[in-house]
Amino acid sequence: MARTATSQAGARLDRLREQMHKAGFAALLLTSTGGRQHVLGSLPEPIGEAAVVVTAEGAVVDAVDCDLPTAIAGALRKADVVDGAVGYDVDLPWEVFCQISSAGPSLRPAADLVFAELASCTDAEIASFAAAAELAAVGYTAVMDHLHVGMDVRELSGNVDRSIRRAGGLLGWYPPDGPAAGSDLVTVRGHDPATARLTAETPVRYALHPLLDGVAGYAAATALLSKADGTLRAASDACAAATSSLLTALKPGALLRDAYDAFGNEVGAHLATCRVVSLRGGTTQALPRSSAVVAQSGMVLGIRTGIAVPGRGAVEFGETVALTGSGADLLTGTPLRLVELY
Amino acid sequence: MNTTLRYGADRVPTADVGGSRAMPLLGFGTHPMRGDQATEAVQAAISVGYRLVDTATRYRNEEAIGAALAQARVPRSELFMTTKMPPDQVGRERLTLEQSLTALGIDYVDLWLIHWPPGGYPGVASWHEFIRAREDGLVRAIGVSNYSIELIDALHEATGVYPAVNQLQWGPGDYDADFAEAMRRRGVVLSAHSPLRSTDLSHPVLVEVARRHDRSVHEIVLAWNLHHKVAVTVKSAHRDRMVQNLSAADVTLTPDEVGKIDELSASGAA
C-alpha cells in the first residue's frame, strides 16, 4: 500500500531523494528495519518480511510477504518500477538501488548511501544525541550506585529503568544484532542464569539505550565485583587499547571502515567483536565492513566492542560518538576499562 | 602529615595535607545551597575571610561556586578548593574530575575526595585513579569521606597511599578517641561535616563553657574541633553567622573544658 510519510520523515525523504538524484537512480529499495523506519517514521514490526520502495518522483510504497523476494517484487510493482518479479540476490547488502533501463531493473548496493544518511545529523539532532547521552550517564550511575554481589539483576534493571524514565528517557531497546525487539532501557549480562544474581567472578556487562526525541543514547560498560585476575585484566586492556585505536581512526576524511581495521590490528589474537552503527531513527544500522562511506563532521555513531574471555564471560565497551573536525567526541563518557569494584 | 596551629594573618589553623597549600581547618561548606544563593554565599564567605570552600559533584552547585570564584578578589593560590566524587561515578573518575574543574572554572582542586565507599567497597580502582590525578597535577591532595579504619587500611594496603583526609560527620556527639587516634597514627586528617548535627546544643556542659568564654555554643563546638586538630566545614547563608563561625578560631579551650566535652559522647548526653 502507498504510505504517507510523517512530517519528520518527510525531511529525511527529501534528503534521500537528493542523494538519489545525484546518483542518477530512479528508485531506492529498502529492506532493513532501520532503513524502513527512516523513510516511513515509526512503524510497527511487520509480520513477515517487508520492503519499501522510494521513487525519485515521490512515491513511497511498502509490501509485506512471508519471504523477502516476494515482498521486494510486490513493492517494486506497486511503485510502478517494474511489472513482475525481479531477481533477489541474498548476498546483496540490505539496501539496493534500483536502476531502470530498457532491459529492466538492475540492482546495485545502496547500503553506503543509507548508512551515510542515517549517520549524518543536523546540529539539532546532535544536541538530541548529547541529551540522550546524558540519560545514558544517568543509567550508568544507577547501575554503579547499587552493584553488589548477590544483587538480583532484575532489581538492577528496574533501578536503571526508573532513573532514566525519571530523567525523561523513553522506552527502547537495541540488541547488538538484528531488528529491534524487546522493551527495556538496559541490557544486563553476566549474572548467574540459575539465580539471576550477580557474582564476584563474572563481569557484569550492561548496555544502556535511553531514547530521547527519536535518538538513542548508546553506552555499554563492564564491571567486576572483585579484583580482576590476569586474564580479565589482559582482556580489558586489549579491548581498551583496540577501542581507543578505533576511536582515533574516526577522522573526517577517512573511510569509516578503517575503524574496523584499527580495532582488528590492535586486538591481536583475542576473540573480539566490533560494531560501528548508526543510531538515527530509533534503531541501529551496522556499517558494512566493505563500506566506502567517508567519515564526516556531523556524523553520530554508536561503537560497540568486546573481547570474550572463555569461561568468564566478556569485557564489553560501548560509546556514542559525534564526529567533529578534530575527531571522535565521546558523548556518553563510558569508561573504556573494566571497572573493578573491590 | 603535620597539623600545626598557626594563628597568623588569617587566624585559622591549617593542616599539611601534602599539597602546595596547607588546608585551613575551618572552611565553608556549601551543601545544600545551589544557584545564586550558593554564588552569593561563597562570595560573602571569601570576603569575610574563609579560604577553604567545600563542595561536591553531588551538591550540584559547582557551577554556582565557580561563578563566585570568578569574581573573587582573592587569588586562586590563596584559596583551598575541596570537591568530591560520588561513588556512582566509579569508572568515570577522570571525567568527573574534569567536569568539576570545568564547572568550578579552575585548573586544579586542592583536595578531591571519594564521597562514600563505592558499594561499600574500599574503591581501590578509583583510588588508583585519584593517585594518577594527583600525579598529573589536577588535584593537590586526595582523600575520602565516610570511610572506616578498615576501608582506609584496605586502600593503603593495595596502593601504599593513605588518604590525606577523611571527612565524616563529627562533633561532640560522635567523638571517638580511638578512631581519632587511629586516623592520627595513619597521618589522616579528620574533617568534620555537620559538626552540630549530632550535638545537643542545650547541654549544660556546652552552655557553661560558652558562657565562660562569652561565646555561642556553635563557636565552642567549632573551637573544640580545632583543638583536636579536626578540620571543620560550616555552612551559613548569613554573613553575620559566617563571621561568628570564623571567630571560633580565636577561642582557646582549656584542657579541662575539652575533656568535659569529650565525655559527652561517652555519656550519650550530647
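**Exercise 1. Classify A:Ala196 by accessibility and place it in its chain.**

Solution. Start with the area. A:Ala196 has 13% relative accessibility, so it counts as buried. The cut-off for buried is under 20%. This is a predicted model, so every value here is computed from predicted coordinates.

Next, the location. A:Ala196 sits in a loop of chain A, between strand S6 (186-189) and strand S7 (204-208).

Last, the backbone. The phi of A:Ala196 is positive, about 65°, although the residue is not a glycine. Most residues other than glycine have a negative phi.

**Exercise 2. Find what phi B:Lys229 takes, and decide whether B:Lys229 is buried, partly exposed or exposed.**

Solution. Take phi first. B:Lys229 has a positive phi of about 60° and is not a glycine.

Then the place. B:Lys229 comes just after H8(B). The loop that holds B:Lys229 runs between H8 and S11 of chain B.

Then the area. Relative accessibility is 38%, so B:Lys229 counts as partly exposed. Partly exposed covers the range between 20% and 50%.

**Exercise 3. Determine how far helix H8 of chain B is enclosed, and by which elements.**

Solution. Step one: count. Helix H8 of chain B spans residues 217-227, and nine of its eleven residues are buried. The helix is therefore largely enclosed by the rest of the structure.

Step two: name the buried residues. The nonpolar ones include B:Val217, B:Ile220, B:Val221, B:Leu222, B:Ala223, B:Trp224 and B:Leu226. B:Glu219 and B:Asn225 are also on the list.

Step three: find the partners. The buried residues of H8(B) pack against three helices of chain B: H7 (204-213), H9 (239-246) and H10 (255-267). They also pack against strands S4 (26-29), S10 and S11 (231-234).

**Exercise 4. Identify the residues that touch the most other members of the largest nonpolar core, then trace the contacts of B:Leu253.**

Solution. The largest nonpolar core has 111 residues. From chain A, A:Met144, A:Leu147 and A:Tyr206 are among those that touch the most other members. From chain B, the list has B:Leu26, B:Trp127 and B:Leu253.

Now follow B:Leu253, leaving aside neighbours within four places in sequence. Its contacts include B:Ile220, B:Ala223 and B:Trp224. These three are buried residues of H8(B). B:Leu253 is also in contact with B:Val209, B:His213, B:His227, B:Val258 and B:Ile261.

Apart from this core lies another, of 34 residues. Among its members are A:Leu224, A:Leu256, A:Phe263 and A:Phe317. In soluble globular proteins, nonpolar side chains tend to be buried together.

**Exercise 5. Classify two polar loop residues of chain B, B:Arg186 and B:Ser247, and list their contacts.**

Solution. B:Arg186 first. Its loop lies between helix H6 (177-185) and strand S10 (189-193) of chain B. With a relative accessible area of 18%, B:Arg186 is buried. Beyond four places in sequence, B:Arg186 is in contact with B:Ile149, B:Ile152, B:Asp153 and B:Tyr162.

B:Ser247 next. This residue is in the loop between H9 and H10 of chain B. At 12% relative accessibility, B:Ser247 counts as buried. Under the same sequence filter, B:Ser247 is in contact with B:Arg11, B:Arg215 and B:Glu219. B:Glu219 is itself one of the buried residues of H8(B).

**Exercise 6. Locate the cis peptide bond at B:Pro32.**

Solution. The bond runs from B:His31 to B:Pro32, with omega near 5°. B:Pro32 lies in the loop between S4 and helix H1 (35-48) of chain B. Most peptide bonds are trans.

**Exercise 7. Test chain B against the compact-globule rule, then profile both chains.**

Solution. For 270 residues, the rule gives a radius of gyration near 18 Å. Chain B has 18 Å, which agrees. Its C-alpha atoms fill a box of roughly 50 × 40 × 30 Å along the principal axes.

The charges come next. Chain B carries 27 positive and 33 negative charges, with mean positions 4 Å apart.

Then tabulate.

| Property | Chain A | Chain B |
|---|---|---|
| Secondary structure | eight helices, 16 strands | ten helices, eleven strands |
| Buried residues | 56% of 342 | 57% of 270 |
| Contacts at least 24 apart, among those at least 6 apart | 61% | 70% |
| Accessible surface | about 13700 Å² | about 10900 Å² |
| Carbon and sulfur share of that surface | 53% | 47% |

How values were computed:
Residues numbered from 1 in each chain as written. Chains lettered and ligands numbered in written order. Predicted model: local features only at pLDDT ≥ 70, side-chain atom pairs only at ≥ 80, totals over all residues. Heavy atoms only, no water. Core = buried A, V, L, I, M, F, W, Y, C linked by side-chain atoms within 4.5 Å. Buried < 20%, exposed > 50% of the residue type's maximum accessible area, 1.4 Å probe, protein only. Contact = heavy atoms within 4.5 Å. Helix = DSSP H or I, 4+ residues; strand = E, 2+ residues; numbered from the N terminus. Rg over C-alpha atoms; globule rule 2.2 N^0.38 Å. Areas by Shrake-Rupley, 256 points an atom, 1.4 Å probe, with all protein chains shown as cover. Lys, Arg positive; Asp, Glu negative; His and termini not counted. Charge placed at Lys NZ, Arg CZ, Asp CG, Glu CD.
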